[in-house]
Amino acid sequence: MQETNVLIVDDERSMRNLLERLLRKNGYACTLAADSNEARKCLTNHSYDVLLLDITMPGESGLDLLPHMKEQYPDTAIVMVTATDDPKQAQITLEMGVYGYIVKPFAPNQILISLTNALRRRDLERKEKEYHEQLENAVRNRTQNLEETVQQLKKSQQELEASKARLREQLFFLQVLLDAIPSPVFYKDTQGIYLGCNKGFEEFVGLAKDEIVGKTVYEIAPEHLADTYHDADSKLFRNPGKQTYESNVTYSDGSVHDVIFNKATYTDSHGNLAGLVGVILDVTERKRAEKELCESESRFRNLVEGSIQGILIHKDFKPLFVNQACANIYGYTVDEILEMDSLIPLFAQHEQPWIKSYTHRINNGKGNFPTEYECQGVRRDGTTIWLNNKVRSVDWKGEAAIQCTIADVTQAKQDHQILEESEERFRAVSDSAQDAIIIVDPAGQISYWNKAAEKIFGYRQQEVMNHSFGKLLMSKASHDTYAREWPIRDEPQEASEAGKTMELTAIRKDGEAFAIELSMSSTTIQGRRHSIAIVRDMSKRKRLELSLTQEKQRFQEVSLALKKKNKQLIEANSNLKETQARIIQQEKMASIGQLAAGVAHEINNPTGFVSSNLKTLHDYQADLARFIGEHDILREGLKSNNSNCECLSPMRDQVAHVDALGKEIDIDFIMEDIPNLLEESREGTERIKKIILDLKDFAHPGKEECVYANINKNLESTLNIVWNEIKYHSSVEKDYGDLPEVKCCPQQLNQVFMNLLVNAAQAIEKQGVIKITTKADDHHVWVDISDTGKGIPEENLNRIFDPFFTTKEVGKGTGQGLHVVYNIVKKHKGEIKVASEVGKGTTFSVKIPIELDR
């Protein structure tokens, strides 16, 4: 097996060496070039099967070198190698005809597969090119043969028409027909070998004389006919003498004729049987016209008496003979016409001058005159009729006379007019058809050809009339199929015949082969079978089918690649979702970090007064402990000295001490203040708890599952977190509508509301108003957040949702806030719009569907 030569062109030595090791390991012969100049030198001295060409190189790049390579070395498969994954560049190189496009870094299998595919494609293109050249040569040769055949057919047709014209003239004017027919004549020896023949026999068998002489009947005739001829010859040789028999034979042009074989044996100089002489008499025309070829006046009279056409013979308009058919045409009896002094009254008055002049020219033999004409005659009842009159000079009892063969064509005229109108309608319909409509006569020759046929095949009507339909317009294989499926049958037919549809290959006038759909049916014209061919040009459809098949194959290949890419995209999408979740969480934490001081301040306020209250309660507790201790001393003293009156004096002192202590610590105020302190502390801790819970809900990463949530409550929770950012220079107006619960990700929507509220607060430089409006309809909830801040310039409105776009000072904004807002709203299948005017403020409108799955 011949080794595959690969030229590696790359400006990086390591890449060249890597490719060389890989390819040599897999059986490739490699040559290395560091740039385009070295590549040109290598290609000048050696031929290569594959060129691995780097796109980006110093000096002349691979793209610059590519057109030269394609032009000078078309048989070399080119695969481009690049470190830049540029789809536009890849498309340009593929359109320039490269066989592969590889992006660095690559897998070893990728290089090997690309080289294998490139070589296969190159080989396929070579084979396709060779096939097209062979096909063009074959078409050219077949076209030349077809043109020669057409010329021969034209010549034969002309000769046949000339022979028929001469034959008709002789049949008409001469009584002896057979002596004037160039009948086929042949002679052969007792072994059946042809010794000679005349021209008629050459035409009969379709061979030249030198192709006949020295051969037997089996070598020039079909086998089934050769058996019949040989048996007849053998019978004659067994019984020498004459032999006559009739037969139907097919001439070399395919036409079927009735013939009479006249054969006779002949002897040599010694009287020995030497062979036979045969004369083939074509009696086809004679059988059709034998009644018109009378050898005598008697036979002529018998013919004309029974003729359906009127026959009249006159001399200077004096009737000499008239048959019954003629009398019937005019409405007279035969005797009444014969008794007329002149036949002129039988012609219409306006025809009479012309008829007289015409007859005078015939009698004097002056000038040319028609032998057939139409004129108007007058019947006995005065009605005008149309007549067809065939005129000739005859010898009547030794005198020159004129014979008229008259036919009443009045009805034919009317029928002809109807037929012309019908034909005109048919022609209009036929010529408007997109498909070719061709009528083929019983002999297989074209008798009608519409305009669509001219357009499809390229032949004008006069070029194809009376030519063989199958042989002229089809390839040999298709003609054989056509002849087998729709054989020529020249027999009477009473009704139309259902047709067949075939797909064949046709040949245009310019030799182009193309696919057709041929629908054949038959109809009866004048009692004989005619074929109707409907031809549809299928070349465009075939090209489309081929293109569709190729596209389907490419689609399958692309589909496999797309499935692979789709899998990668699914993985990338999963990674993207995780990344987006992290970004949103990071944005949350960044927002929490930004709001940390304010949240801490909001927590410090209740923490401060709770701490103060606790200290006060601690002091109250000390005073109450002293007061209660004194009460305990008093109670114990009362218990131990309950009956001893002497001890009342110390008790009174103790009571006075307790009262003094109560006044000192202001026991009444303490008892009144303690509930207030406890209530204030409870409220403070509840506020701290609420801030912590709101902050926890906001900052928690959350779950992807959506739940039903109250948007108004979400807004209140978010306001609680960002309140410290707002309260110093903004007042908040709330216009909450009656909202249904919305299926959403509440924590993500809280992020949206927080970013919009913080942005609104930051847009107000001194003092302003932030207004929050909510409303709903049957399918959506709207949240509008407006501010009276400085507004957004018009040139920035289209960019505010772009990632990393910010108009804030460095360190005060990441450019991710509104980008995160936009993505969250879109994730909820919602919309976000912004309206702003510099110096007046901005309104963000968020539209969220109530049902996320709607």
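**Close-up 1. The second largest pocket of this predicted model and the elements around it.** Five elements each bring at least two residues to the lining of the second largest pocket: helix 4 (87-95), strand 5 (100-103), helix 5 (108-173), strand 19 (513-525) and helix 19 (539-640). The biggest helping is from helix 19, which puts in 13 residues, the largest share of that lining. As for room, the second largest pocket takes in about 1700 Å³ of space. Its lining runs to 36 residues, and the ones closest to the centre are L124, Q550, Q553, R554 and E557. What sort of residues make up the lining of the second largest pocket, sorted by class? There are 16 nonpolar, 11 polar and 9 charged ones.

**Close-up 2. The largest cavity and its lining.** The structure holds 3 cavities of 30 Å³ or more, and the view here goes to the largest, with a volume of about 130 Å³. Of the 17 residues lining the largest cavity, H314, F347, Y373, N389 and C404 sit closest to its centre. Which elements each supply at least two residues of this lining? They are strand 11 (310-315), helix 13 (352-364), strand 14 (384-396) and strand 15 (399-408). Helix 13 gives the largest share, with 4 residues. Sort the lining of the largest cavity by class and you get 14 nonpolar residues, 3 polar ones and no charged ones.

**Close-up 3. F317, a non-glycine residue with positive phi.** Find F317 in the loop between strand 11 and strand 12 (318-322). Its phi is positive, about 70 degrees, although F317 is not a glycine. Is F317 buried or exposed? F317 has a relative accessible area of 11%, so it counts as buried, the cut-off for that label being under 20%.

**Close-up 4. Helix 24 and the residue K829 that follows.** Just look along helix 24 for its buried residues: G817, L818, H819, V820, V821, I824 and V825. A bit of background helps when looking at any α-helix: there are 3.6 residues a turn, so residues three or four places apart point the same way. After helix 24 comes K829, with a positive phi near 60 degrees, even though K829 is not a glycine. K829 belongs to the loop between helix 24 (817-827) and strand 26 (831-837). Why does K829 count as exposed? Because its relative accessibility is 53%, and the cut-off for exposed is over 50%.

**Close-up 5. A nonpolar surface patch made by Y187, L195 and V277.** These three residues, Y187, L195 and V277, make a nonpolar patch of about 230 Å² on the surface. To find V277, go to strand 10, which covers residues 273-282. With a relative accessible area of 31%, V277 is partly exposed.

**Close-up 6. R13 in helix 1, shown with L32.** R13 is part of helix 1, residues 13-25. Its relative accessibility is 62%, so R13 counts as exposed. How many residues apart in sequence are R13 and L32? They are 19 residues apart along the chain, and their C-alpha atoms are 9.2 Å apart in space.

Key: Residues are numbered from 1 along each chain as its sequence is written. This is a predicted model: local features need pLDDT of at least 70, side-chain atom pairs count only at pLDDT 80 or more; totals for chains, interfaces and linings use all residues. Side-chain values use heavy atoms; hydrogens and water are left out. On a 1 Å grid over the protein atoms alone, a cavity is a set of points where a 1.4 Å probe fits but cannot get out, and a pocket is an open set with protein on both sides within 12 Å along at least five of seven lines; lining residues have an atom within 4 Å of a point. Grid points are joined across faces, edges and corners, and a volume is the space filled by probe spheres set on the points. Ala, Val, Leu, Ile, Met, Phe, Trp, Tyr, Cys and Pro count as nonpolar, Asp, Glu, Lys and Arg as charged, and the others, Gly among them, as polar. Patches are made of residues with over 30% relative accessible area and no salt bridge: like charges are joined within 9 Å, nonpolar side chains (Val, Leu, Ile, Met, Phe, Trp, Tyr) within 5 Å. Accessible areas come from the Shrake-Rupley method with a 1.4 Å probe; for residues, only the protein chains shown count as cover. A salt bridge is a side-chain nitrogen of Lys or Arg within 4 Å of a carboxyl oxygen of Asp or Glu. Buried means under 20% relative accessible area, exposed over 50%, partly exposed in between (1.4 Å probe, protein chains only).
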